[in-house]
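Welcome! Open your favourite viewer, take a pencil, and try each exercise before you read its solution.

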Amino acid sequence: MRPIILLLLSLIVGVAYAQQTPTEQWRPAFHFSPAQNWTNDPNGLVFLDGEWHIFYQHNPFENKWGHMSWGHAVSKDLVKWEHLPVAIPEDSVWIFSGSVVVDKNNTSGFGANSMIAIYTADYHGKKENQHLAYSTDKGRTWTKYKKNPLIAAPLPDGKVMKDFRDPNVFWHEPSKQWIMTLALPTEFKIHIYGSKNLLNWNFLSEFGKQGDITKIWECPALIELPVEGKATSQWVLFISASNPHPDFVGMQYFVGNFDGKTFTNTNKPDTKLYVDYGKDFYAAIPFNNTPRKLLLGWMASWQYTDALPTFPWKGQMSIPREISLKAMPEGIRLVQKPADEILKAKNWRGIVQMEEMGIEEDNGMMWHNQSSAYMIDVEFELSGASEVGVKVFRNQSTNQETLIGYQRDTEQLYVNRINSGKIISANFPSMDAIPMKTARGTVRMQIFVDKSSVEVFGNDGEATITSLVFPEGGKSDWQLFSRNGRAKVTKLKVWEWQE
Ligand code: FRU
């Protein structure tokens, strides 16, 4: 391109940017967000030599979906992220979602400990192939493999497939091979491939048409998880698909076995298990190359992404979640806990610590924090009350608030963002609830409030609800509440985030 055209282009882009007002009041403090421009799915989550890597679906040029490339950031503690240059830029194809593995033993020939990215090359909506790129300098520079594609449409059964994407790869020690799960979104199927060298892949098996098939299937990920309190483990297949609320996308999971070839669902095929009951948790995948079982997802929903009101970035990630399984009366279920790194971050300053306190209705006690990034860990004894909870982002001038509560009769944990702030689209205001039992009459809520989101973990991670909110009107406060009777707060601890 001629310098004069480049200059004109940058002027136009510059003017367009200058016309928008930055929304730093909604910039998350302890959730990852790109410095600027668009993100959706996390990609290639991996740990190597003391560094956590987030690659992510990124438009390097605009604050909306397009020019799909892989953005990149690294962190030593999963809390503070250093933004790095775009890792894998688009060329004649878009770089869609995928994963990164560390090739310790140089099975691929690109070098011991090289990072191997396997992702979908999307031909601008016409076709999807699986490609590889490698890095021998800890992800700082990437080379696209000359012999791409690794796996091309058409598929093994001879059918040409337009939607065929989101390879997720991991090393499977018992069968001594790399395993890849790939989504056939419109068929509601996952294809499983195996490889000895990350270059040549064999089709192994197919899984699908089970669970929730009301929305397309994307971003599969297979992982073995321990069952809490037992010396056993089970395999979990995560799929980004539909939401408990069928008009929205969300994530489901299957619990089963994987023998190095086939995944078998141990539940009935029509059992629907959801990862998160909010509207804003999607495309989550686990971190590779670590014994830790950490899941991280995109905190937004395709249903209103165009309307996200933030600038100069759009999109943020959940906090990393430590995942495991637990035997519950209804079967083996996923448990998600906030990662220790977040809980123990140096930035937390304890501001409230109380025990055994009675609350009645809106009991008048309001806490004004310095910052709108805080963490509340509260345990309620419902006693006579029908409902207990916390109102966050309470703003007396705008009358806005987000409610996190528990209802005794319906046995549900909920987040109510109906009057939480800016209504970014007609389908944004909602009350999202998840079934949760009390534990001997008590409920625990770990609530992460971060400028433009609430991420709630109920009863030690048995239930999660993730919701974006866009509170307006400056400083807000928070308050405990009960309804129709007196309840007890058995434990309350609150920390505020300090930069
Ligand atoms: C999921 C997804 C993936 C795709 C990517 C494109 O959110 O649709 O299936 O690879 O986003 O940005």
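The exercises below go from the whole chain to the ligand, then to a sheet and a few backbone details.

**Exercise 1. The chain as a whole**

Task: Work out how many helices and strands the protein chain has, and compare its radius of gyration with that of a compact globule.

Solution:
- Step 1. Keep in mind that you are looking at a predicted model.
- Step 2. Go through the secondary structure: the protein chain has two helices and 31 strands.
- Step 3. Take the extent of the C-alpha trace along its principal axes, which is about 70 × 60 × 40 Å.
- Step 4. For 499 residues, a compact globule would have a radius of gyration near 23 Å, and the protein chain has 23 Å, so the two agree.

**Exercise 2. Around the ligand**

Task: Find which residues surround the ligand, which strands each supply at least two of them, and how much of the ligand's accessible area the protein covers.

Solution:
- Step 1. Select residues with a heavy atom within 4 Å of the ligand. The selection is Asn40, Asp41, Gln57, Trp65, Phe96, Ser97, Arg165, Asp166, Glu218, Cys219, Tyr282 and Trp302.
- Step 2. Sort this shell by character: five residues are nonpolar, three are polar and four are charged.
- Step 3. Map the shell onto the strands. At least two residues each come from S1 (37-48), S5 (94-103), S9 (165-172) and S13 (218-226).
- Step 4. Look for polar contacts to ligand oxygen atoms. A side-chain N or O atom of Gln57 lies 2.6 Å from one ligand oxygen atom. For a polar side-chain atom of Asp41 the distance to a ligand oxygen is 2.7 Å, and for a side-chain N or O atom of Asn40 it is 3.1 Å.
- Step 5. Finish with the cover: on its own the ligand has 320 Å² of accessible area, and the protein covers 95% of it.

**Exercise 3. A four-stranded sheet**

Task: Establish the strand order of the open sheet that contains S17, S18, S20 and S21, and explain why one side of each edge strand has no neighbour in the sheet.

Solution:
- Step 1. Recall that strands of a sheet pair through backbone hydrogen bonds, either parallel or antiparallel.
- Step 2. Start with S18 (residues 294-298) and S20 (residues 321-328), which are antiparallel and joined by two bridges. Here Leu294 has Glu322 as its bridge partner, while Leu295 stands opposite Arg321.
- Step 3. Move on to S21 (residues 331-338), which pairs with S20 in the antiparallel sense over eight bridges. Lys326 and Arg333 are bridge partners in this pairing, and a hairpin of two residues connects S20 to S21.
- Step 4. Assemble the order: S17-S18-S20-S21, an open sheet with antiparallel pairing.
- Step 5. S17 (282-286) and S21 are the edge strands; each has a single partner strand, so one side of each lacks a neighbour in the sheet.
- Step 6. Add the twist: on average, neighbouring strands of this sheet are turned by 40° against each other, direction ignored.

**Exercise 4. Backbone details**

Task: Locate the loops that hold Pro149, Pro312 and Lys176, and inspect the backbone there.

Solution:
- Step 1. Pro149 sits in the loop between S8 (143-144) and S9. The peptide bond from Asn148 to Pro149 is cis, with omega near 0°.
- Step 2. Pro312 belongs to the loop between S18 and S19 (313-314). Phe311 and Pro312 are joined by a cis peptide bond with omega about 10°.
- Step 3. Lys176 is in the loop between S9 and S10 (177-184). Its phi is near 45°, a positive value in a residue other than glycine.

Note on methods: Residues numbered from 1 in each chain as written. Predicted model: local features only at pLDDT ≥ 70, side-chain atom pairs only at ≥ 80, totals over all residues. Heavy atoms only, no water. Pairing = 2+ DSSP bridges. Axes fitted to C-alpha atoms, helices over the stretch in contact; angles between N-to-C directions. Polar contact = N/O pair within 3.5 Å; in protein donor to acceptor, adjacent residues only side chain to side chain. Areas by Shrake-Rupley, 256 points an atom, 1.4 Å probe, with all protein chains shown as cover. Nonpolar A, V, L, I, M, F, W, Y, C, P; charged D, E, K, R; others polar. Rg over C-alpha atoms; globule rule 2.2 N^0.38 Å.
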